[in-house]
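This report is an introduction for a reader who has not met the structure before. Please keep the sequence and the 3D view at hand while reading.

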Amino acid sequence: MSKLDQILVLDPPCDLKFKGPFTDVVTTNLKLKNPSDRRVCFKVKTTAPRRYCVRPNSGVIDPGATVFISVMLQPFDYDPNEKSKHKFMVQTIFAPSAVSDMDALWKDAKPDDLMDSKLRCVFELPSENDKVNDVEATKAAPVMNSAKADPTAASVPAAAAAAAAAAAAGLDDTEMKKVQEKCKRLQSEMSKLVEENRQLKDDGLRMRKVARSDHMTTNSTGLLGREASATSLPSLLVVIAAIFIGFFLGKFIL
């Protein structure tokens, strides 16, 4: 009996390409599609298991479904003169009606029931254009970060960038004037917002000063009232004492 052809559709079909630099983990994706009307079990194997991490490395694909496999190449010292000998194999088998033990299924599978596809690993260094793009992205990152940190100040550069982009797109004079007017409106609105913010701060300071002065006035009034009460109390005691002394003297004299 001849060996069965692979039922799954693989993308990419032959080569797994990994683009450097390889100083960090490099990930590539493998798509497995099941065009049949039966469930299919799959398993991904490699000749260099210590160099790769595969998620998921096995499973079941329903009819018409697709599964994406992430293949992660671990960091290593890349030698362009060294030819890669790493390979992957996608092994499949039609799933029985009830799958309870995947390990037992693969262990007991007959060779004639297995289907497989082999893929070669290809290592590529970034091209000069990619390097230039990476450098430009790195230079643009601080500008983007500063714009996020101060969105009010970033509105004018954003408008200027929009005008430059419009000019680069080859707009006519009428549309350019519209863009410039929009930039002026944005600048005016930004100035108004800054002025309103300053006025709100000034109003807040004045309100705090008024509240502080009212609090001090209330405290002063309370202190004066307590001092007046304390001053009148001894005078009242003197009057009461004089009345009692006069009362007792009157009794003795009479």
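The following sections treat the sheets, the largest pocket and the salt bridges in turn.

## The four-stranded sheet

The model described here is predicted. One of its sheets is open and consists of four strands, arranged in the order β1-β3-β7-β5 with antiparallel pairing. The edge positions are taken by β1 (9-11) and β5 (52-55); each has a single partner strand, so one side of each is left without a neighbour in the sheet. From one strand to the next, the twist averages 20°.

Within this sheet, strand β3 covers residues 26-33 and strand β7 covers residues 66-73. These two strands run antiparallel and are joined by eight bridges. One residue pair can be located by name: K33 has T66 in β7 as its bridge partner.

In general terms, the side chains of a regular strand alternate between the two faces of the sheet.

## The five-stranded sheet

A further open sheet is built from five strands in the order β2-β9-β8-β4-β6, and its pairing is mixed. Here β2 (15-19) and β6 (58-61) stand at the edges, and because each has a single partner strand, one side of each is left without a neighbour in the sheet. Neighbouring strands of this sheet are turned against each other by 25° on average, direction ignored.

Strand β8, residues 87-94, is paired with strand β4, residues 40-46, through seven bridges, and the two run antiparallel. Two residue pairs illustrate this contact: V40 stands opposite F94 in β8, and T46 stands opposite F88 in β8. Strand β8 is also joined by six bridges to strand β9 (residues 115-124), again in an antiparallel manner. In that pairing, M89 has K118 in β9 as its bridge partner.

How many of the eight residues of β8 are buried? Six of them are, and the strand is mostly covered.

## The largest pocket

Empty space can be located by rolling a probe the size of a water molecule over the atoms. The largest pocket holds about 170 Å³ of space. Its lining is made up of R51, F76, D77, Y78, D79, E82, K83, S84, K85, H86 and F123. Sorted by class, the lining of this pocket contains three nonpolar, two polar and six charged residues.

## Salt bridges

How many salt bridges does the model contain? The count comes to three. The table lists the partners with their separations between N and O atoms.

| Residue pair | N to O distance |
|---|---|
| D15 and R120 | 3.4 Å |
| R39 and D62 | 3.3 Å |
| R198 and E195 | 2.7 Å |

The salt bridge between the side chains of D15 and R120 links distant parts of the chain, with D15 in strand β2 and R120 in strand β9, 105 residues apart. D15 has a relative accessible area of 23% and is partly exposed, because the partly exposed class begins where the buried class, under 20%, ends. R120 likewise counts as partly exposed, at 41% relative accessibility. Another separation relates D15 to K118: these residues are 103 residues apart along the chain, and their C-alpha atoms are separated by 8.7 Å.

The side chains of R39 and D62 also meet in a salt bridge. This pair, too, links distant parts of the chain: R39 lies in the loop between β3 and β4, D62 lies in the loop between β6 and β7, and they are 23 residues apart. At 35% relative accessibility R39 counts as partly exposed, and D62 falls in the partly exposed class at 41%.

Where do R198 and E195 lie? Both belong to helix α4 (residues 173-253), where they are three residues apart, about one turn of the helix. R198 is partly exposed, with a relative accessible area of 42%, and E195 is partly exposed with 36%.

How values were computed. Residues are numbered from 1 along each chain as its sequence is written. This is a predicted model: local features need pLDDT of at least 70, side-chain atom pairs count only at pLDDT 80 or more; totals for chains, interfaces and linings use all residues. Side-chain values use heavy atoms; hydrogens and water are left out. Two strands pair if DSSP finds at least two bridges between them. Axes are lines fitted to C-alpha atoms, for helices over the stretch in contact, and angles run from 0 to 180 degrees between N-to-C directions. Buried means under 20% relative accessible area, exposed over 50%, partly exposed in between (1.4 Å probe, protein chains only). On a 1 Å grid over the protein atoms alone, a cavity is a set of points where a 1.4 Å probe fits but cannot get out, and a pocket is an open set with protein on both sides within 12 Å along at least five of seven lines; lining residues have an atom within 4 Å of a point. Grid points are joined across faces, edges and corners, and a volume is the space filled by probe spheres set on the points. Ala, Val, Leu, Ile, Met, Phe, Trp, Tyr, Cys and Pro count as nonpolar, Asp, Glu, Lys and Arg as charged, and the others, Gly among them, as polar. A salt bridge is a side-chain nitrogen of Lys or Arg within 4 Å of a carboxyl oxygen of Asp or Glu.
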